[in-house]
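This report goes through one protein model, beginning with a single helix and ending with the chain as a whole. Please keep the sequence and the structure in view while reading.

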Amino acid sequence: MIHYDTVKQWPFGDDITAYGVDDCIRYALSLGLAADPLDEDELPFVLEDDIRVLPTLLATVGAPGAWASNPATGIDWLQILHGEHRMRFFGALPASARVRSQTRVGGIVDKGAGKGALVTTVREVSDADSGRLLAQVEHVSFCRADGGYSAAGAPSDAPLEPLPAAPARTPDVQLSMPTQRNAALLYRLNGDRNPVHAVPAAWRQAGFDQPILHGLCSYGMAARGLVKLACGNDPARLQSLAARFSAPVYPGETLVLSQWRDGARVHFEVHAKERGLKVLSHGVATVAVTTVAVA
């Protein structure tokens, strides 16, 4: 069971991580970009000259890793699922940089016995050399086996402001994005080596009959789709992106992004086509009218 005080004060420490062009290309390929090498709209994300960088790369660079697997947290880490992910971006992301990540636990919410608990980490990502803020990341973990921890007197924090549901009307536009059967094996090269995405004993213990795709892979694919549909293929125009993970994705499925435009605000959902199942819900993004340049 979650040890509230220990988790709330978890000593992450500052992390400084360098990334470069090869990391940007690897990340883009792991999201399925340029699966068709004849698609000239997607080649700029995987070619080193004047490369375009998806800002959701920062979901992987400098992330604190599997810190919740430490027994001191009390969390049953094999029962953790990614609940929500929220990111804000502050200008175009360079093709290479040294970034400083400063992470803290922002809140722990007890949903009740048998209903799990939510742990939110907040990470500020800045350029380690200039100090320029690049992104803010809120990572909400759904700890399925840790609900009811507050019954012993530990606090339960206020939840984040709820994300808005998509409009009830027909989507303005949709985009189909296939995934490969080995998509999770490729995406784990970005740094998330959680065995539930690759090792049979682990995904079986977690209650699945096959490996599941990383939530941040489907999140990155949503960003990829929104950059294409709402940003004119210019990733610097994506200012924020938030979504709820409503169901796991299985590698090999086709993800269908549905988009509703409301001025600078864009609502979206993602479905797994083969199962007709919503896998990303309550998606909302903000988009700049023109490119936000690097300061």
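The model is predicted. The cover over the buried residues of helix α2 includes β1, α3 (183-187) and α5 (215-230). Which residues of α2 are buried? They are Cys24, Ile25, Tyr27, Ala28 and Ser30. An α-helix has 3.6 residues a turn, so residues three or four places apart point the same way.

Leu29 also belongs to α2, which spans residues 21-30. Leu29 has a relative accessible area of 40%, and because buried means under 20% and exposed over 50%, Leu29 counts as partly exposed. Together with Leu186 and Leu189, Leu29 makes a nonpolar surface patch of about 230 Å². After α2 comes Gly32, which has a positive phi, near 90°.

**Aromatic pairs**

How many aromatic pairs does the structure hold? There are 5. Two of them are set out in the table.

| Pair | Arrangement | Centre to centre | Angle between planes |
|---|---|---|---|
| Tyr4 and Tyr149 | stacked | 6.3 Å | 15° |
| Trp10 and Trp67 | tilted | 5.7 Å | 45° |

The pair of Tyr4 and Tyr149 links distant parts of the chain, 145 residues apart. Tyr4 is in helix α1 (residues 4-8), while Tyr149 is in the loop between β5 (133-143) and β6 (173-178). Are these two tyrosines buried or exposed? Tyr4 has a relative accessible area of 10%, which is under 20%, so Tyr4 is buried. Tyr149, at 4%, is buried for the same reason.

The pair of Trp10 and Trp67 also links distant parts of the chain, with the two positions 57 residues apart. Trp10 is found in the loop between α1 and β1 (15-19), and Trp67 in the loop between α2 and β2 (80-89). Both tryptophans, Trp10 and Trp67, are buried. Phe12 joins Trp10 and Trp67 in one aromatic cluster.

**The whole chain**

The protein chain contains 5 helices and 10 strands. Of its 295 residues, 51% are buried. Among contacts between residues at least 6 apart in sequence, 72% join residues at least 24 apart.

The C-alpha atoms fill a box of roughly 55 × 45 × 40 Å along the principal axes. A compact globule of 295 residues would have a radius of gyration near 19 Å; the chain has 19 Å, so the two agree. The surface exposed by the chain is about 13,100 Å², and carbon and sulfur atoms supply 51% of it.

Notes: Residues numbered from 1 in each chain as written. Predicted model: local features only at pLDDT ≥ 70, side-chain atom pairs only at ≥ 80, totals over all residues. Heavy atoms only, no water. Patch = residues over 30% accessible without salt bridge, like charges linked within 9 Å, V, L, I, M, F, W, Y side chains within 5 Å. Areas by Shrake-Rupley, 256 points an atom, 1.4 Å probe, with all protein chains shown as cover. Salt bridge = Lys/Arg side-chain N within 4 Å of Asp/Glu carboxyl O. Helix = DSSP H or I, 4+ residues; strand = E, 2+ residues; numbered from the N terminus. Buried < 20%, exposed > 50% of the residue type's maximum accessible area, 1.4 Å probe, protein only. Phe/Tyr/Trp six-rings, centres within 6.5 Å; stacked < 30°, edge-to-face > 60°. Contact = heavy atoms within 4.5 Å. Rg over C-alpha atoms; globule rule 2.2 N^0.38 Å.
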